[in-house]
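Visitor: I would like a close look at a single part of this protein. Please start with one small sheet, then move on to whatever else deserves attention.

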Amino acid sequence: MVQGEEIGAGACQVQCAGPGCRCILSVPRGVLNFQCPQCKLPQALPPLLHPRGVDTSKLQLPCANCRCILNVPPTLRRFVCPQCRVELAVDPLKLAAYRSSLAHLNLLSGQAPGLLDSAVVGDALDPAAAWGRLHVKEEVNEVALEVEQEEDEGGTAGETFTDYRPSKLSIGPRHPDPIVETSSLSAVQPPEPIYTLKMASEIEQSGTLSCLQLETIVYASQRHMYHLADNSRAGFFIGDGAGVGKGRTIAGLVWENWQQGRRKALWLSVGSDLKFDARRDLDDVGANCVEVHALNKLPYAKLDSKQVGVREGVLFLTYSSLIASSEKGKSRLQQLVSWCGTNFEGLLVFDECHKAKNLIPEAGGQATRTGEAVLELQTRLSDARVVYCSATGASEPRNMGYMARLGLWGPGTDFPHFQAFLVALEKRGVGALELVAMDMKARTLSFKSAEFAIDEVPLESNMKRFFRHICMSAKVPAAVRLAKQALLEGKCVVIGLQSTGEARTEEAVNKYGVELDDFVSGPRELLLKLVDEHYPLPPEPKTLQDDEIFKGESRKRPFSSIVNVPGRGRSKKSAIPIGSDEDGDEDDETESDGESTEIDDDFKVCSICSSEDASQQLVECCLCLRVTHTGCHAPPVTEVPRNKRWHCFDCSKELNEIQQERRLFIADQFQRFEAAKERRTKVMEVIRGLDLPNNPLDDIIDQLGGPDCVAEMTGRRGMLVRAANGKGVIYQARNTKDVTMEMINMHEKQQFMDGKKLVAVISEAASAGVSLQADRRALNQKRRVHITLELPWSADRAIQQFGRTHRSNQATAPQYRLLFTNLGGERRFASIVAKRLETLGALTQGDRRAGAGQSLSAYNYDSGYGKKALAMMYKAVLEQLEPPVPPPTKNGESDKDFYLFARAALLCVGIIRDAQAGQFNPGSKASFKGMGRITEADLHDVGRFLNRVLGLEPGFQNRLFEFFVNIFDDLVQGARKDGQFDSGIVDIRANSIELQEEPKPVHRDPMSGALTTLFLLKVDKGFTYEDANQLLEQNSREDDKSENGFYQSKREWQGRTHCLLAIEKSGSISHSFRIFRPASGEAAREMSLTELRTKYSKFSSLAQAKEGWLKDYTLSADQCMHGPKCKIGSICTVGRRIQQMNILGGLILPVWGAVEKALSKQVRTSHRKLRVVRLETTNDSKRIVGLHIPNPAVSTVLSGLNGTHYKPATPEVLALEYQPTS
């Protein structure tokens, strides 16, 4: 396909469509058919580039998908490409960059922007004359583009973690367990410690705090000596991983502040049970005299009053207590502020501070009361020594809003408020998160001895469509099998899940009683509830009485009247209506409001004899309202009942017919209603007879020995247990008379840690702060096998749960077994966790690979690429777009058949709307009327798709999910190829990395004294021929069919070709190859066999390969791949073997604004990217992590930093600046 870009009103550039040519042609205006002067291929200008398709009053922009040129009105910001139907949006910043690149392209081609050659104007008038002047512009070096993309992606990932030891403190014993930090953070040096611990000698003698815990206490106390620009005291963040020992570190901080004379402290955490852990930690560090008061046990009165008597010590409370208030309106928050006082300088600890997240919600959401209360408490206690403590304290940038005391935003920073900080983070992506992580240094327990395994659990044939309950229930047999196997091996078991099924259990107990035949089945109860409440029953008919029939047929009044005429006169007395009281009826009065109550002057006459015989009684029919004499009827009316309505003989006959018809109709309605009820009952009986799994929690406990053998740490109040006689189950409370409900989880935990119960089941209620590891102090030191039955909904919860069994001072590391079903749709739950783990690893650990291993990263579909892939799949199913990959058809099925089935399936689960589907069976034809539509909200909602797809037949569910994943993988691969993939930290790999000069300090932070340093390095990325030939020999095969070998490009650029070595990747089904180049070594991306054969040809002999390799290796030492006439000049590093790299290391956040401003001015897109790189010098093994500053931007960055004058930081200066303020 010919591609091009319009560069003026007179001419345009197109790329030759000839195979292997691809040179750039300048086509004059008016020329539609032409021939390439180089490859002689006749070709035509694409219709979209014809002169009539170009409107000079509009913007000519290329489509981001098909690259066709579109005429876009200047004011239009969103539109659809008419060729590929992809939705597009105009980004003003990218538009400016695109125009800049066009101007740069014109400059490189020797043509001034916006100016046309007079000959071109003439050619527009005479197209025939243009043939002679069609010339080839500067050729595009495609290999140079490939190498530039590979360099942008960076090298392969190295070791994620390195051993951690305090680098500038030597007090305290070693930590009892191996502690590691990411390689990124290991290269960031902490500031000089200048704070002297008052409890140092005492702690060193007792050895109760390790060196890294003491290091944290020193740096936290040192940080608390400083005030921010808004006069609030600076805070400190402890982001160590679960199990490192943050609780004891907090206890050490409390004890240090106590000895400094600050006798009041606030300690917030997630559960009241953790108060006992706080007491234990304080006792461990020797702070036995410090009392711990549980706020939930205290009244709302003044805490330091004689009545309550809390004058000092640690006030322990939960986040729920912080937002609580009494019936009289007294709040705990106000009570705390009153107890602390306005000049409070003590410790304010937010333990497990991730509970305060969502202070800054997304659009349309509301801030949590907890987040608002945490921020208000910090505002009102502006001089408090704040400590944020959590392994997952900032799982997303938006959730950092409550960390106001870290000094990352506000006065004196590059960000005036948190919103500006948040926008900068989201704009720069993961690279920016890694910068923040390097400022918030964290450590974690080594997982070196821990084992991870993923077990796929196939669904049974009867487990198909009950979503999450079935997915989890299907894993119960596997979990029980793994647990029993672990117990036989002398280990103990911890099973983690999220939902307990308490709601379904309580509903069943309320309905059937406390004694049941079997455990409650969640899917069964859900189905029964669905059928019972939503089965389409007709309205229940009501039995109509005769009075109601009379009332319905009456025209004017509901009652008949006897008209008495006592004598001849001009007045008439109306009789009392038959069947009514003498006092009358309010309803009758209301209904007769419209009639006159005055007696007319004329007597009533009989409608039969037309006489006014007053001697005969007049009666009035209640239906036809005719007045007649009783004797005028045949036979005569002998008696008019007083308590019943009367009607004449004609009306009586008609009424009998109506009554008969109504009785038949009501009987038919009753019959229909009863039949529907019977059908509903039969459906419910069928559901009750289905072999559906029981509640997983109850089932696991029962199969593993019951409550006597299994310790349950969940939030539910009651449970079902097997009856003593083995027949049926009984509902009973979890607590006993000896153990309160508040203490039941702590009791169960102790039973497990003492070895009285060897199986523990935990839910979210026990996933924060509870220690279940093989503690050396506990009786039960058996190795833990942690089985994850159900993945949590977020990564912070996942890490909290994983950290229950992997903690400090453990005898053995745990084994982790993650259970998944073979349903593609169940990956929804893993997708949500993987998304959080990826961001969490970058934000709290400085490296995304630290949080998300390879097992979960493959499930991260809820991303920008996932949303784009979902939209493309939906549009392909609706036949609005040609997908980049073919759908997964089978058994001779066509693409249209697959799309038809997919539309019917998506309609069944409520994603496609405004369409009708007939019978849907993936094995047969499906009838479908109308394409339907998908709402804009559903178009990019990956979570909803992965949830709804669980409701499909498993075979087609997996095929539809496979289609989505294939599109997703194609998009990611394309982004990598184009250099647009956000790869986070980039590892720089080279044969030689050496410092050219001493690191140059360019900034010193006035608060911490940390330096920002510029490193100038000489990097040699070359790959010698000897190494390449040795690699080829190691991967050689005995057969001659191997495609491994040396290749050269088919095209020449400026008289030379480029070489590479291709080695087929082991185990590759799609024949992908690892690529090695003389100037840059191994490429970050792989190349397919098709692309390799299209662009390159194999050397016929090793001698030719050696000659070409050595030539490339030698020339790349001092010039780029564009050759000696590169328009960018000597600063171009594309394909250069020996390069000069500038790395800005140390503390980056204070100079972020200057760096951001300098990079935004760069012309090349790759130079504008914020890239965090990691490398290690080869001569002295020095690790360096920092921002890669492109060579053209170095001077701009340094000039931007000139406003911050650097002066050496000596210990004396630091000690002077860090004099305590209180």
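Guide: This is a predicted model. Start with an open sheet of three strands, in the order β21-β27-β26, where the pairing is antiparallel. Its edge strands are β21 (515-516) and β26 (718-722), each of which pairs on one side only.

Take the link between β26 and β27 next. Strand β27 covers residues 729-733, and five bridges join β26 to it. The two run antiparallel. For a residue pair to display, choose L720: its bridge partner in β27 is Y731. In general, strands of a sheet pair through backbone hydrogen bonds, either parallel or antiparallel.

For the parallel case, turn to β29, residues 784-788. Strand β20, residues 492-496, is joined to β29 by five bridges, and the two run parallel. Here C492 has R784 of β29 as its bridge partner. Strand β29 also pairs with β30, residues 815-821. That pairing is parallel too, over four bridges. Within it, H786 finds its bridge partner in β30 at Y816.

Now the burial of β29. Five of its five residues are buried, so the strand is largely enclosed by the rest of the structure. The cut-off behind that word is under 20% relative accessible area. Look at the two faces in turn. On one side sit R784, H786 and T788; on the other, V785 and I787. All of these are buried, and both faces of β29 are covered. Two of the residues already met belong to this set: R784, the bridge partner of C492, and H786, the bridge partner of Y816.

A helix makes a useful next stop. Helix α17 runs over residues 522-534 and has 13 residues. From its first C-alpha to its last it reaches 18 Å, close to the 18 Å expected at 1.5 Å a residue. Its buried residues include G522, P523, R524 and E525. Further along, L527, L528 and V531 are buried as well.

Finally, step back to the protein that holds these parts. It has 38 helices and 45 strands. Of its 1222 residues, buried ones make up 51%. Count the contacts with a separation of 6 or more: residues 24 or more positions apart account for 69% of them. The accessible surface of the protein comes to about 57,500 Å², and carbon and sulfur atoms hold 49% of that area.

Definitions and conventions:
Residues are numbered from 1 along each chain as its sequence is written. This is a predicted model: local features need pLDDT of at least 70, side-chain atom pairs count only at pLDDT 80 or more; totals for chains, interfaces and linings use all residues. Side-chain values use heavy atoms; hydrogens and water are left out. Buried means under 20% relative accessible area, exposed over 50%, partly exposed in between (1.4 Å probe, protein chains only). Two strands pair if DSSP finds at least two bridges between them. The expected span of a helix is 1.5 Å times one less than its number of residues. Contact means heavy atoms within 4.5 Å. Accessible areas come from the Shrake-Rupley method with a 1.4 Å probe; for residues, only the protein chains shown count as cover.
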